[in-house]
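Me: Here is a model I would like to understand in one place. Please take a single loop, look at it closely, and then work outward into whatever surrounds it.

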Amino acid sequence: MFGRLRWPMAAFAGPAPYCRCFIEHPDSVQACNCGEEFGIREWTWKRPELPSSWIHFANDDTQVTLHPYYSAGTAVVRGDTCFNRDFTYYWEVKIMTEPYGTDVMVGVGSENVDINDSLFSFRSFLGRNEESYGLSYTGAVCHGAQVTHDSPGFGWGTIVGVKVDMWHGTLEFFINRQGLGVSYVMLRKHQMLYPMVCSTAAQSVMRLIYASSWKASLLVTAGKILANSMRRSRYFPLLPPGLRNLLLEKFFLTLPSPLSELKIDGVARQPLFTGRRHFHRRW
Ligand SMILES: [Zn+2]
């Protein structure tokens, strides 16, 4: 599954799609709404100041097509809302087209990231310096021009999740709603952080399917603990509807990650996936 295919096929096939729509109905995946049951999108993608042919926006700016015609470099789009301190954010994108080429990435970047400076060069944009963090479709988890962790990566139909805890200052990626563990700490050193995606591949389509946040508080902590304890309990349906729906919408998979193995240099210690190499990374 993780082997490399020859060009012009996909350079890398990531995990299986989140749902079977991408296998059974590959010609109509635009109609797939699996994993979109909550309909929560607190922010959308930000349109550039000037009209751009690099990115096409659709579905109320929740779906973007990077390089809608052809690719001559790296297209980057960021969210229209920056992350506030003391809040935790969790957001997901569904990968609607097969990623290939130099890189397709999901991540976050600070206000110092110039999203236009690689329009005519092919780069692994997110994580190329200290100002951004990115998960590549190849599995590389990048920051500071280094591949700091490895992962299964993502492919056609994968749901990629990003959890940014601005209270603890941590960043964690998810693949098909399975957490990869905390990858980075000390994100509070950034004044402002934005969600970002980038691609060097022509006609890369990514759909924002969920974007939620909550402020750190004793009440939220109690809610997380309750959600965790009730997740598989037969008593869960007996909770008051309002509380039950709140737990489902906010904490369906974003429970606290163990912080016990964190390093202090800003990179969390994680077990690496084996056998993956990232030959073509271009910072
Ligand atoms: Zn589906």
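Reply: Start with Leu 187, which sits in the loop between β11 (178–184) and β12. Strands (E, at least two residues) and helices (H or I, at least four) are DSSP runs, numbered from the N terminus. Residue numbers start from 1 along each chain as its sequence is written. The model is predicted: local features need pLDDT of at least 70, side-chain atom pairs count only at pLDDT 80 or more, and totals for chains, interfaces and linings use all residues.

Is Leu 187 buried or exposed? Leu 187 is buried, because 20 other C-beta atoms lie within 10 Å. The cut-offs are these: 20 or more other C-beta atoms within 10 Å of a residue's own is buried, 12 or fewer is exposed, and anything in between is partly exposed, with C-beta atoms placed from the backbone.

Now its surroundings. Leu 187 is in contact with Val 164, Met 166, Gly 169, Thr 170, Leu 171 and Leu 193, leaving aside neighbours within four places in sequence. Contact here requires C-beta atoms, placed from the backbone, within 7 Å. One of these partners is worth a closer look. Gly 169 is 18 residues from Leu 187 in sequence, yet their C-alpha atoms are 4.4 Å apart.

The same loop, between β11 and β12, holds Met 186. Met 186 is partly exposed, since 17 other C-beta atoms lie within 10 Å. Its phi is near 65°, a positive value in a residue other than glycine. Most residues other than glycine have a negative phi.

Next, the two strands that flank the loop. They belong to separate sheets, taken in turn.

β11 is part of an open sheet of seven strands, in the order β1-β2-β13-β4-β9-β10-β11, with antiparallel pairing. Strands pair if DSSP finds at least two bridges between them. β1 (55–58) and β11 stand at the edges; each has a single partner strand, so one side of each lacks a neighbour in the sheet. The twist from one strand to the next averages 25°. Such angles are taken between axes, which are lines fitted to C-alpha atoms (for helices, over the stretch in contact), and run from 0 to 180 degrees between N-to-C directions. The partner of β11 is β10 (residues 170–175), joined to it antiparallel by four bridges. Phe 174 has Gly 179 of β11 as its bridge partner.

At the other edge, β1 pairs with β2 (residues 63–66), again antiparallel, over four bridges. Ile 55 stands opposite Leu 66 there. β1 and β2 form a hairpin with four residues between them, and Asn 59 in the turn has a positive phi of about 50°. Asp 60 also lies in the loop between β1 and β2. Its phi is near 55°, positive in a residue other than glycine. Asp 60 is exposed, because 10 other C-beta atoms lie within 10 Å.

β12 belongs to an open sheet of six strands, ordered β3-β12-β5-β6-β7-β8, with antiparallel pairing. Its edge strands are β3 (75–78) and β8 (146–150), each pairing on one side only. Neighbouring strands are turned by 25° against each other on average, direction ignored. Four bridges join β3 to β12 (residues 193–199). Val 76 stands opposite Cys 198 in β12. Further along, β7 (residues 140–143) and β8 run antiparallel, also with four bridges. Val 141 faces His 149 in β8. In the hairpin of β7 and β8, two residues separate the strands, and Gly 144 takes a positive phi near 60°.

Last, the interior. The largest nonpolar core has 62 residues. A nonpolar core is a set of buried Ala, Val, Leu, Ile, Met, Phe, Trp, Tyr and Cys residues joined through C-beta atoms within 7 Å. Val 77, Val 160 and Val 164 have the most contacts inside this core. Strand β13 (residues 204–215) gives the largest share, six residues. Val 164 also appears among the contacts of Leu 187. Val 77 touches Trp 45, Ile 55, Val 64, Leu 66, Met 196 and Val 197, not counting residues up to four places away in sequence.

For scale, the protein has three helices and 13 strands. Of its 283 residues, 41% count as buried. Among contacts between residues at least 6 apart in sequence, 66% join residues at least 24 apart.

Terms used. Contact = placed C-beta atoms within 7 Å.
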